[in-house]
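Here are my notes on the model you sent, as numbered points. Please read them with the structure open.

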Amino acid sequence: MSAIAREAGALLIDHFQQNIKIEYKGEADLVTAADRGSEKLIRERIREIWPHHDVLGEEEGLRDTGSEYRWYVDPLDGTTNFAHGFPVFCISLALEYRQEMIAGLCYDPTRDELFAAERGQGASLNGVPIRVSKVSRLEESLVGTGFPSHKRHQNPNIHFYHQITLRTHGVRRAGSAALDLCSVACGRFEGFWEFNLNPWDTAAGVLIVEEAGGRVTDFSGGRFQLNSRETLASNGVIHQALVAEFQQIFAGRGLEPLPNVREYAAKKI
Ligand code: IPD
Ligand code: CA
Ligand code: CA
């Protein structure tokens, strides 16, 4: 898996150093030749080594032959960053056996950081074991989130962003959900959440967080499922506090009002 990810990483870096032509899958949903080239390469390598395994990839969809093994492939997580030359993106690969994720890997080729986990064997960064952070107070936490490009007008995340920003050291929006999950796993973030992620975004990162001692659930603290559309990850220690905040926000209780823009503008004059 690592060899495949590194080879795909080299392909992404090749494209990154050239002029990147952007195409659109939706209003703000970008795709590039690098996304397609990376997925093609990853599928070829999987087929050469494990010809009978099924593959679900973002760009080419599902190859389903009824195998007990299924790969989840995001050939380029962070396409918008990539297309703009902002160096935060990765390849995310995960392998499921009989509906249980058994291995996951995210490779960031710009930093040469390879995050990996095998069920029951812990998680590592470039071969060195990693653990989630021990920070126990939300007020002392740095957390991450993301905003989906699909149906972005309907996404309520800006309210969560505002509220959680005021309750923590800050909220980062780095643009690669898979790497955000890895940041929780290695203690750079205490938590991360996002609405409407797809299985290829989360399959590897969730296992990496869990194997690093963290916790991943839906927004109510219930069992995380790959197709649940709600991802809430943390170091485990602040999980309940985050779930409590989410419940308050969903119920519209205790919300800090958004500053009034007109009042602000009037004061400036
Ligand atoms: C996107 C990234 C981004 C997240 C979006 C995803 P893509 O994946 O993970 O951080 O906010 O929801 O769709 O399209 O770059 O593979
Ligand atoms: Ca993605
Ligand atoms: Ca992608």
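1. Asp-74 is shared by two metal sites: this residue bridges the calcium ion (ligand 2) and the calcium ion (ligand 3), and the two ions lie 3.7 Å apart. Bear in mind throughout that this is a predicted model. Asp-74 has a relative accessible area of 1% and is therefore buried.

2. At the calcium ion (ligand 2), the protein donors are side-chain oxygens (OD) of Asp-74, Asp-77 and Asp-201, at 2.1 to 2.2 Å. Along the chain these donors follow the spacing D-x2-D-x123-D. Asp-77, like Asp-74, is buried. Water is not among the atoms, so the site may look incomplete.

3. The calcium ion (ligand 3) is coordinated by Glu-58 (OE), Asp-74 (OD) and Leu-76 (O), with distances of 2.2 to 2.4 Å. Here the spacing of the donors reads E-x15-D-x1-L. Leu-76 is buried, with a relative accessible area of 1%.

4. Which strands make up the open sheet, and in what order? Eight strands are arranged as β4-β3-β5-β6-β7-β8-β9-β10, and their pairing is mixed. β4 (61-63) and β10 (128-130) are the edge strands; each has a single partner, so one side of each is left without a neighbour in the sheet. On average, neighbouring strands of this sheet are turned by 20° against each other, direction ignored.

5. At the β4 end of the order, β3 pairs with β4 in the antiparallel sense over three bridges. The connection between β3 and β4 is a hairpin of three residues. Leu-56 has Leu-62 in β4 as its bridge partner. β3 also runs parallel to β5, joined to that strand by four bridges. Val-55 is the residue to look at here, with Trp-71 in β5 as its bridge partner.

6. The side chains of β3 alternate: Asp-54 and Leu-56 point one way, Val-55 and Gly-57 the other way. Are these residues buried or exposed? All are buried.

7. At the β10 end of the order, β9 (residues 123-125) and β10 are paired antiparallel through three bridges. Ala-123 is opposite Ile-130 in β10.

8. Two helices should be checked against the strands. Helix α2 (residues 33-49) lies across β3 (54-57), β4, β5 (69-77) and β6 (90-97), and runs at about 155° to β5. Helix α6 lies across β3, β5, β6, β7 (100-108), β8 (113-118), β9 and β10, and runs at about 100° to β7.

9. α6 (residues 199-211) also packs on helix α5 (residues 177-185), at an angle of about 5° and with the axes 8 Å apart. That angle makes α5 roughly parallel to α6. The residues of this contact divide into nine nonpolar, two polar and one charged. From α5 they include Leu-181, Cys-182 and Val-184, and from α6 they include Asp-201, Val-206 and Ile-208. Asp-201 thus appears in the helix contact and also among the donors of the calcium ion (ligand 2).

10. Strand β15 (residues 230-234) has two antiparallel partners worth inspecting. Strand β13 (residues 191-195) is joined to β15 by five bridges and runs antiparallel to that strand, while strand β14 (residues 215-217) pairs with β15 in the antiparallel sense over three bridges. Leu-232 in β15 stands opposite Trp-193 and also opposite Thr-217. Four of the five residues of β15 are buried, so the strand is largely enclosed by the rest of the structure.

11. Finally, two backbone angles. Where does Arg-98 lie? Arg-98 is in the loop between β6 and β7, and its phi is near 50°, a positive value in a residue other than glycine. Its relative accessibility is 53%, so Arg-98 counts as exposed. Arg-229 likewise has a positive phi, about 70°, although this residue is not a glycine. Arg-229 sits in the loop between β14 and β15. With a relative accessible area of 34%, Arg-229 is partly exposed.

Technical notes:
Residues numbered from 1 in each chain as written. Chains lettered and ligands numbered in written order. Predicted model: local features only at pLDDT ≥ 70, side-chain atom pairs only at ≥ 80, totals over all residues. Heavy atoms only, no water. Donors = N, O, S within 2.8 Å, 3.2 Å for Na, K, Ca; no water. Buried < 20%, exposed > 50% of the residue type's maximum accessible area, 1.4 Å probe, protein only. Axes fitted to C-alpha atoms, helices over the stretch in contact; angles between N-to-C directions. Parallel < 35°, antiparallel > 145°, perpendicular 65-115°, else oblique. Contact = heavy atoms within 4.5 Å. Nonpolar A, V, L, I, M, F, W, Y, C, P; charged D, E, K, R; others polar. Pairing = 2+ DSSP bridges.
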